[in-house]
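Student: Please walk me through one part of this model up close. Start with how things are arranged overall, then zoom in.

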Number of protein chains: 2
Amino acid sequence: MSPARNRPLPVPSSRSSSAPSAAPAAPLSLQLFSPSGVLARPAALSLAARRLKACGFQVVEDEAARARHQRLAGPDDVRLAALHRVAAAAPSVAMATRGGYGLSRLLDRIDWPLLARSVERGTRWVGHSDFTALHIGLLAHTGAGSWAGPMATDDFGRAEDAGGVDDVTRDCFIEAMTGELEAVGFRTEASFDSLQLRGRLWGGNLSMLLSMLGTPHWPSARTIKGGVLFIEDVNEHPYRIERGLLQLHQAGVLGAQKAVLLGQFSAWKPSPLDRGYTLKTVVAHLRSLLSVPLITGLPFGHVPTKLTLPVGRTVQLLVQGRDALIGW
Amino acid sequence: MSPARNRPLPVPSSRSSSAPSAAPAAPLSLQLFSPSGVLARPAALSLAARRLKACGFQVVEDEAARARHQRLAGPDDVRLAALHRVAAAAPSVAMATRGGYGLSRLLDRIDWPLLARSVERGTRWVGHSDFTALHIGLLAHTGAGSWAGPMATDDFGRAEDAGGVDDVTRDCFIEAMTGELEAVGFRTEASFDSLQLRGRLWGGNLSMLLSMLGTPHWPSARTIKGGVLFIEDVNEHPYRIERGLLQLHQAGVLGAQKAVLLGQFSAWKPSPLDRGYTLKTVVAHLRSLLSVPLITGLPFGHVPTKLTLPVGRTVQLLVQGRDALIGW
């Protein structure tokens, strides 16, 4: 593990707009596919493909990546076939074009062993948001690992006048895909005395995690016990974040973890009824109930700067003061 | 069972603005208390109390009904004490002032047997929305019944220029509290061939139901098997309603029901990405997956006209063409 090398945050000096720092030596194949929502801006997918090529990937766009059916990227059969087609092709990287909604409709029909075989053949499935359903379903049904990270249109398709591709997001993703990345670091909001633990990293979007609780797609108690759970969400008021975390607490999930990492909770609108109730209130309330460390500040969520994290992999978590390091 | 008498909907002629049709003969005691969110308009509670008195109830406002703590109607200890105080007093009717958020924080600490004893002594607990947590928790922990129905500020505190108290809501509530109500009728959207079944009525707000899944506050499979589940929600886009219903389907809940009644799904905002995806799409998709009848049109939810329904009670459901009748 090489903390200094693999410490994307906070390292402002690394945020140059120069060429990617770690383009793969031999081109890795990367397939773009749409398991969830219809593309809001199809041009963003073309832009993302160009940029990913410039990063050194051999990019293939799945034939149904731009399909449209109401709010979905094609009917269920089309999206399911795309997922299975990508799994059968087993590219080095299988990246979702975007999230939105759609995987929930496919969960009962996904050929999980086929996806697990692609992982054995070297495929790294990458995405976030709605894609949490794939991460968690794959873990639940097969134990196979996948990657929480950027998506094509949201991250690599971001217009220049909206800030372009975030350098940290891009570099961390490339290093994760080439296998160079062995650790990521970030600054927590609160200070901790020396904390050192090992556990299986898992998690993702809170709304999606909750939408799988109680179903056959939720991992067994044995799989998630002693884990390191990370959580983010978007467009959700803090009281809904709190309600979701309380549910995970009441369901015995939070208490079974060695640590809970809170990522970014973005784009929620305050209400005149809040009267001082904020995300900080939520964190304080949860800490009053939990003996498990609740660590905030993880650079992950619906924000430009996001780490690429190995879902299902056993990691080591080190926290010293406000410096946190996740290594694998 | 007297269908004609107890058929609040659709009977436009019963919607007069005259005096309540069924004021209790001997005054029933009714306590107003706040287990959830802070009162948005305290004046609405005073108005509701006056109107409930005019309906013939002996109204008592709990001492903490107007408490304020951030977005909550007082700190957890204050709201929990109010709940237990009302249970110990065992009035004929225990009505929540409003929903919002708050019961999720109390679930692990509620003295459920105390609440069940109040039910044995004749208390009818009434509310909806966040109050679904109480209905479901009470059913899960004790098997005791309660009532899904109007709340003080939202229904009885509605300003005259906003339409005042809905007559159907008021009359149905009064009849339910006096014990006169034995059946409620409504018009379904789709026509059914003769349908006749019996099962335990349970349900409420979808977001709240989902927030209890997987926790000890969710009823046992034995309790809810063969039931009649009713569901409503507010401010939730149809794709979120669908995701929630899919979760209940994947969790085996919907398939274990004899029927699922869909109430009102109000106040959601369409998205430019919907492209024809609506609540009708959701219902059609669910019907394609379920063999259980999915019956729409139940007058219940975050809308002025709502029935008062016995949660936890075995009911008979009759549907003939578009006429549905729930009797008990």
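Tutor: Chain B lands on chain A with a turn of 180° and 0.0 Å of shift along the axis, RMSD 0.0 Å (a least-squares fit on C-alpha atoms of residues with pLDDT of at least 70 in both copies). That's what a two-fold axis does. In chain B, B:Gly214 gets closest to that axis, its C-alpha at 2.6 Å. Bear in mind that this is a predicted model, with local features needing pLDDT of at least 70, side-chain atom pairs 80 or more, and totals for chains, interfaces and linings using all residues, while side-chain values use heavy atoms without hydrogens or water. Residues count from 1 along each chain as written, and chains are lettered from A and ligands numbered from 1 in written order.

Now the second largest pocket, which holds about 300 Å³. Its lining has 16 residues, with B:Glu189, B:Leu279, B:Lys280, B:Val283 and B:Thr296 nearest the centre. In chain B, β6 (183-205), α9 (238-250), β8 (259-266) and α10 (279-289) each give two or more residues to this lining (DSSP runs: helices H or I, at least four residues; strands E, at least two). The top contributor is α10(B), with six.

As for the strands, β8(B) and β6(B) belong to an open, mixed five-stranded sheet ordered β9-β8-β7-β6-β11, where pairing takes at least two DSSP bridges. The edges are β9 (294-296) and β11 (314-327) of chain B, each with a single partner, so one side of each lacks a neighbour in the sheet. Three bridges link β8(B) to β9(B) in parallel, and B:Val260 has B:Leu294 in β9(B) as its bridge partner.

Definitions and conventions:
1 Å grid on protein atoms, 1.4 Å probe; cavity = no way out; pocket = protein on both sides within 12 Å on 5 of 7 lines; lining within 4 Å. Points joined across faces, edges and corners; volume = space filled by probe spheres on them.
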